[in-house]
Every structure is written in C-alpha cells, then in structure tokens.
Amino acid sequence: MTAPKTFKNAKALLDYAKKVRESRKIRKREIRVCGGPGCVAGGSRKIYEEIGQEIDAHAAELKAAGLELDVTLVKKCTGCHGMCEAGPIVTVEPDSIFYAHTKPGDAKKIVEETLVKGELVEDLLYRLCDRKGGDRAHTYHDIPFYALQQRIALRNVGTIDPTDFDDFIAAGGLEGFTKALAMKPEEVIEEVEKSGLRGRGGAGFPAGRKWKSAVRVKKDRVWIICNGDEGDPGAFMDRTIMDSDPYSVIEGMLIGAYALGATEGYIYVRHEYPLAVKHLTMAIERLTAIGLLGDNILGSGMSFRLKISRGGGAFVCGESSALMRSLEGKVGEPRAKYVRSVEKGLNDEPTVLNNVETWVCVPAIMNKGADWFSSIGTPTSKGTKVFSLVGKVRHTGLVEVPMGRTLREIIYNVGGGILNDRPFKAVQTGGPSGGCLPADKLDLSVDFDTLTRAGAMMGSGGMVVMDDRTCMVDVAKYFTKFLIDESCGKCVPCREGLRQTYELLDKITRGEGEMEDLDKIEKLCHTMEVASLCGLGKSAPYPVTSTLQYFRDEYIAHIKDKKCEAGVCKPLIHYEINKNCIGCKLCKKRCPTEAISGENKKLHVIDQDKCITCGICYDVCPVDTVDIISGGEVVNNRLEPTGKAKLAATKA
C-alpha cells in the first residue's frame, strides 16, 4: 500500500495500519530469507535472489496452486533469525517451516517442493541432534532453541523486512506510541516505572526512575540518547535489533521524547555497524517524510528530531558520560559519577541515556501494559533479557528468555549443551568486564542481583561458554589485555592497575610466577574496583577476581607445578607423538618449521628445538596420537574416538 504523504493525527495512522493488516489477510504463504550478517556471509542474499527467479519461473504452477507473488505469496529478506549456527536460514509461513544451512542452488527445491507441491524438503530441515540420521524439526517451534524463548525486544527480529514501513506497521508498530500520546507525559513515565524495566546496557538502573529524575530538573531542554555503541567481544544484541527492527528503536525514543518533553535526540552507533547505520538512516528519513519525526507529530504539538552519530570504536564510549563527551566532539573520557547525567549530561543539560534493548522494550510496555511486563521475570528483575550465546556451545546465536532462567537452562536447553560433548568449564557473563562462573554455579538464576552476588554481572548480555580446553588464567590475561587497550587512561587506578595486573598474569602463564603474585593481583583488583573513575575500571577486575575465586587451583598449578592443565599456555607445554602413531605423514607435511621427522607408516618424532608449539600437528592428526605435555604429564585428553576407530570413522 502507498502511505499518505503525512499522517495528520493518530487516528489517520491507526486507520492506515488497519488497512495494511486487512490487505495482508489474503496472504497464503510468506517465504522469509534471513538477512542477518552471518547468513549474508553464507550467501543468503544470493539465495533470496534465486528464490525470486524460481518464483518467476514457476509463476503458472504457483498460480494454479493458489499462490501469486505479491498477492497471496510474499518473499522478503528479514533481519537476523537468531540461530546463527544454522544459517543461512529460510522459513516459510504460516507453517513455520524452518530450512537450515541452505545454499545457493537450494532455491529450486524450496520453490518446487514447498511452494508448488506443499511438501517439505527433508534434507534442508534442521537436524535435532548431531548424529547422522537424527530426527529433523519440521518447524522452528520444534527446536528447543526457539521453543524456550519469549521474545519482547526481539519481537520483530527475523519476521519483518527492516526496510519496509508497512511490514513494521502490520506487526503492531507505533501502536505503543499512539497509546502514549493519549496519556499525559507523567502517566507514561509512571507506566514505565511500574513495569519495573531496568536498563539493559549493563548497570540495570530502573528506567522509570531515571526518567523521573530528568523531569524534576527545571531546565529548558532535555536530551535523549540511544546507546548503540556495543563493544563487548562476542556481543551482537544491539546490533541485531538496530539492523533488524530500526523502527521499533525509534518508536521507543519517540515515547521517551513525549514523556520527557525532549525535542532532540541522538542514536550513537558503533562505526563497525554499517548495516545498522544504513537501516536507521532509512527509518529516520522515512518517518520524517511522513510526519512522524519533526514538528507537530500527529497533530499533538510534539516536536522531535533525531540524528545518528557514529562512534569511532572506543570501548570506553559505551560508558554514558564518555559517550556524551564524544557526541560533543571531545575526547571520549568519563567523568566522576557524582555528576549525574540526568542533571548535567550532553552539553551540561539534562540527558536520559538508555541502550537499544531498553528503548525497544518501551513500545511493548505501552502497548500491552506495565502489569503484563512486570508479570515476567523475577521480583527485582522484570521482563526478558537478550543474550548473545557464543563460545563452545552447540547452538550459538541470539536468544531472549525471561529473567530468572538458570544458566543451565540457557546453555543446555536453549543452547543445546557443550560442543562435541566436552565437559563444561565456565561461562562468562557481562562482556570483557564480566565474571567467569564454574559448573557448580550453573543453577544460578540469571538476573541482575544474583549474578552480581556471584561475582559476575548481567552486563549488556554477552554470554561466552567455555569447555575444559580453556585455561582460566589465560582467559583473565586475555580480557585484561583487551581492557588495557580500551581504557581511556584518564585515571591512575584503571590505567596502571590494569597494566600491572597483566604483567603479573603474563608472568604466571610463562611459568615464572610466585605465590605472592596472587596477593599482589588481589590488592590491585581491589584498588581498581574502589578507586577507578568509571564503570570500566571498577568492573575490569571481575574476570581476574572471579577466576581467582573459582579456579584458584589453576593459578597454583601454573606457579608451583609449571603446568597448564588445559594445554593452552605455550611456555608451559610441548607436543610429543606417542607410540600409536600410524606414520601417515600428515603432521610432517603441515609442520611450518619442519620439526617433525619420520618414515611412512613408522613412528614420527618432534624436534623440540625446532617446534614453535603452534599446535598444527595436534589439530591435523587423524588418530589423535599427538599429546600435549605440561608439568611432565599428558594434559587435555581428547574425548573423541581415538586410534584406528577414529580413522575408520573419518574415512566413512
């Protein structure tokens, strides 16, 4: 449908939305191709084009089957579907058919079998277990990854075309905003506060309380900001929402602007998110053109303008005051927390800053009510939370579950457990400043307060799963190095504390550590936590303190026994080929330093003087006869079939 040039009032908008939904009732089939970055990298754009070509080629047959493109059959490229490891993903609605690992070339089968004949393409259905011959899921509702989720922030992600305004409207877009306009601004704030919505950016501060505080400050202008500067390694929640549902992010900000009396706002987007910038820019231009951004929006007298600012990739600019300094064109450095942004934020004026996930929850709250939202979750952590589930887990991707689910439920039920059935070792929640929790914490409730008490934190929602081949000392060292590079260096505790902590951790992983180094590390961490200027420095010790708390034996083994049980720390390991070697010469061919010698079908030997412990021999050996030696013992034993059994399985 063609939208009016402008919507003069809320009734005109709602009438148009009703017409759009009515026009779509005749649709019998909708074929959706995931356009998330992971699927695009796997060729989903090509698949989308091929599906269009196949539909054209089979137009007569489709019409005979009661399907006609753009009338009863619609093809669309959506945002990320969530289950990234299964991509490229193609779904067919309303039957919820889920095709995984599709490739360019599969379009013909999908159109001929599913659209024309109404049959399933069995070999494209998702396999519910790893083994060959395992059951396949006929719909995505049959897949635990989806069945156990409850989507609020991700309600439109993977279902609508993010570039199509009508698609957004048909899914209930802007209904929350029109309901807010029918209320008084203070009533909108009360509703948000009553819902119990807490900031999803990491701190978990109550959104309604923040909004109230800004309104109490008697100033001529209030700014609102959306923080899309998502810098956590392995995190892609906000990026996916901005890529896949840009209109909902803006709708949340429109509601906030009305409630707070704000006339100007910014979306601060990380420079590395070009698709998010493209889709948000398109949405802003579209909403401006039809009168939903600008002056006298929907005849309400409300004016609001929105701009995008691209961050340069500094992790510290995810901190609110540093982000605001960056918006002002200054160096992105934080300031003391006693200066509250709701009083003196952007340009030293009252500012409300929430992250992408927080803003996108606001329209759902206005649409369905605070009581509905607060009925989900725990008494102190309401609603749902989006996580990027990554690492050594079977089903990586984007998940949204009610607050209060346990780590075990998320990792094993939603995520499908540990890759290759390795033993679970730890999970880090909350990004690079998050704590690492061991197996005996798997039954912890995932909410703001419980995770904090356990020495971790919710953070923005990154969840990195680790198996037994992970060295926790090395993990602490890795994230400390990351934070050194990302620290702004403004305050001494963070700048120098991180460097000294890293040097001590590096010393331990080299096998040169002493027991008193652990005391030094703990003192440095305590100083950073209590004396750093901003949240980056205060939470920077968490990866170190949590691993010291739960995996202290690993630190002691590195120091006393010069042993890395995980076989990760190179100065403490070397490789040896055991007597079961079949002499296939594969390791010899792949060794970059020619450190391996041996004749065909005879035992091979590694020259330790030439070996650089790159691990290639360990990875390529088809019968697992390369051992990792640390502290005089074989470490990190494999769980997969070994010897001739594995070789036979490989050939099969």
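The following paragraphs consider a helix and its surroundings, a loop residue, and the cysteines of this predicted model.

Helix 10 spans residues 207–216. Within this helix, Ala207, Gly208, Lys210, Trp211, Ser213 and Ala214 are buried. The cover over these buried residues is provided by several elements, among them helix 9 (185–195) and helix 12 (246–260). Strand 10 (351–355) and helix 15 (356–368) also belong to the elements that cover the buried residues of helix 10.

Lys117 offers a second point of reference. This residue lies in the loop that runs between helix 5 (107–116) and strand 5 (126–127). Lys117 counts as exposed because its relative accessibility is 53%, and the cut-off for that class is over 50%. Between the C-alpha atoms of Lys117 and Thr358 the separation is 44 Å, and the two residues stand 241 residues apart along the chain.

The cysteines remain to be considered. How many disulfides does a search of the whole structure find? The search finds 0. A disulfide requires two cysteine sulfur atoms within 2.5 Å. For Cys84, the closest cysteine sulfur is that of Cys80, at 4.2 Å, and this distance is too far for a bond. Likewise, the sulfur of Cys494 has its closest cysteine sulfur in Cys491, 5.1 Å away, so no bond is formed there.

The settings of Cys84 and Cys494 can also be described by their accessibility. Cys84 has a relative accessibility of 34% and therefore counts as partly exposed. Cys494, at 4%, counts as buried, since that class takes in residues under 20%.

Methods:
Residues are numbered from 1 along each chain as its sequence is written. This is a predicted model: local features need pLDDT of at least 70, side-chain atom pairs count only at pLDDT 80 or more; totals for chains, interfaces and linings use all residues. Side-chain values use heavy atoms; hydrogens and water are left out. Helices (H or I, at least four residues) and strands (E, at least two) are DSSP runs, numbered from the N terminus. Buried means under 20% relative accessible area, exposed over 50%, partly exposed in between (1.4 Å probe, protein chains only). Contact means heavy atoms within 4.5 Å.
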